[in-house]
Amino acid sequence: MQLITRSRVDLARRDVNHVRQFAGPTVAEHHPARRSLGNAAEQDYPILTSLPRGLRRFLAVSATFLAPLAFAAPAAAAPAGCTGPASATWIDVAVEGVRSGKGLMAITLYADNPRKFLVKHGSIYVGRVDAVAGTTHGCIFVPKPGVYVIAIYHDENANLKIDRTGLGLPAEGYGFSNNPSTLAGLPTFKSVRINIPKSGLVTRIQMKYP
């Protein structure tokens, strides 16, 4: 009986060797990382050791190939009250240093085009949310991932426009993406460009009052 068993084992080993000679090394034999994956799986799941060696190897290699195909987590949904034409891309604008909860916070979105920056009717959209003293959050949709400019102003009297002094300077609080210096006047277009590659990002803008 023992001789018969050994003969069957020898035949099985001979068949496996013939297959290897014909087909060449397996993926696991070519890649030590994949071979070690199979060993780790046997350590973590002892039940695998009871399976035929060929099946164990197949499962280990299959897991290596299928792992990158796992579904990515869905993108976060836009918060309630997100302003602008709905799209798959949005950004949370956190306006800091708001001195009062009076009026509205206007969030203006511009395309990546210097000729339209701060020009009348040059914006893509103006979103408005209730002002909150301290930090005001406002979500705004953007047409698609890309580069934009964001300008904000605190419309304290809620007249839906930015009030100006006799010299044409802002009479209400304002700010820009990237928080550029405005001591010498309006910021350069290059200094306020902001990349929005995906949804769910937060940009912080410091409010400046005259």
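**Exercise 1. Two residues with positive phi**

Where does Asn-178 lie? Find its place in this predicted model, then do the equivalent for Leu-160 and compare backbone and exposure.

*Solution.*
- Step 1: Asn-178 sits in the loop between β6 and α5 (189-192).
- Step 2: Look at its backbone. Phi of Asn-178 is near 75°, a positive value in a residue other than glycine.
- Step 3: Now check exposure. Partly exposed means from 20% to 50% relative accessible area, and Asn-178 counts as partly exposed because its relative accessibility is 40%.
- Step 4: Turn to Leu-160, which belongs to the loop between β5 and β6. Phi of Leu-160 is near 65°, again positive in a residue that is not glycine.
- Step 5: With a relative accessible area of 49%, Leu-160 is partly exposed.

**Exercise 2. A buried acid**

Locate Glu-172 and work out what surrounds its side chain, starting with charge and ending with contacts.

*Solution.*
- Step 1: Glu-172 is in the loop between β5 (146-155) and β6 (174-176).
- Step 2: Search for a charged partner. Glu-172 is buried but has no salt bridge. Arg-99 carries the nearest side chain of opposite charge, and it is 7.4 Å away; a salt bridge would need a nitrogen-oxygen pair within 4 Å.
- Step 3: Search for backbone partners instead. A polar atom of the Glu-172 side chain lies 3.0 Å from the backbone nitrogen of Asp-163. For the backbone nitrogen of Glu-156, the distance to a polar atom of that side chain is 3.2 Å.
- Step 4: List the wider surroundings. Setting aside neighbours within four places in sequence, Glu-172 is in contact with residues including Tyr-153, His-154, Lys-161, Ile-162, Lys-208 and Pro-210. Glu-156 and Asp-163 are also among these contacts.

**Exercise 3. The largest pocket**

Describe the largest pocket by its volume, its lining and the elements that build it.

*Solution.*
- Step 1: Its volume is about 770 Å³.
- Step 2: There are 27 lining residues, and those nearest the centre are Tyr-110, Leu-118, Tyr-153, Ile-162 and Arg-164.
- Step 3: Two or more lining residues come from each of β2 (104-111), β3 (125-130), β5 and β6.
- Step 4: Link back to Exercise 2: Tyr-153 and Ile-162, both nearest the pocket centre in the list above, are also contacts of Glu-172.

**Exercise 4. The whole chain**

Summarise the chain by its elements, burial and contact range.

*Solution.*
- Step 1: The chain has 5 helices and 8 strands, in the order α-α-α-α-β-β-β-β-β-β-α-β-β.
- Step 2: Of its 210 residues, 30% count as buried.
- Step 3: Among contacts between residues at least 6 apart in sequence, 70% join residues at least 24 apart.

Note on methods:
Residues numbered from 1 in each chain as written. Predicted model: local features only at pLDDT ≥ 70, side-chain atom pairs only at ≥ 80, totals over all residues. Heavy atoms only, no water. Helix = DSSP H or I, 4+ residues; strand = E, 2+ residues; numbered from the N terminus. Buried < 20%, exposed > 50% of the residue type's maximum accessible area, 1.4 Å probe, protein only. Lys, Arg positive; Asp, Glu negative; His and termini not counted. Polar contact = N/O pair within 3.5 Å; in protein donor to acceptor, adjacent residues only side chain to side chain. Contact = heavy atoms within 4.5 Å. 1 Å grid on protein atoms, 1.4 Å probe; cavity = no way out; pocket = protein on both sides within 12 Å on 5 of 7 lines; lining within 4 Å. Points joined across faces, edges and corners; volume = space filled by probe spheres on them.
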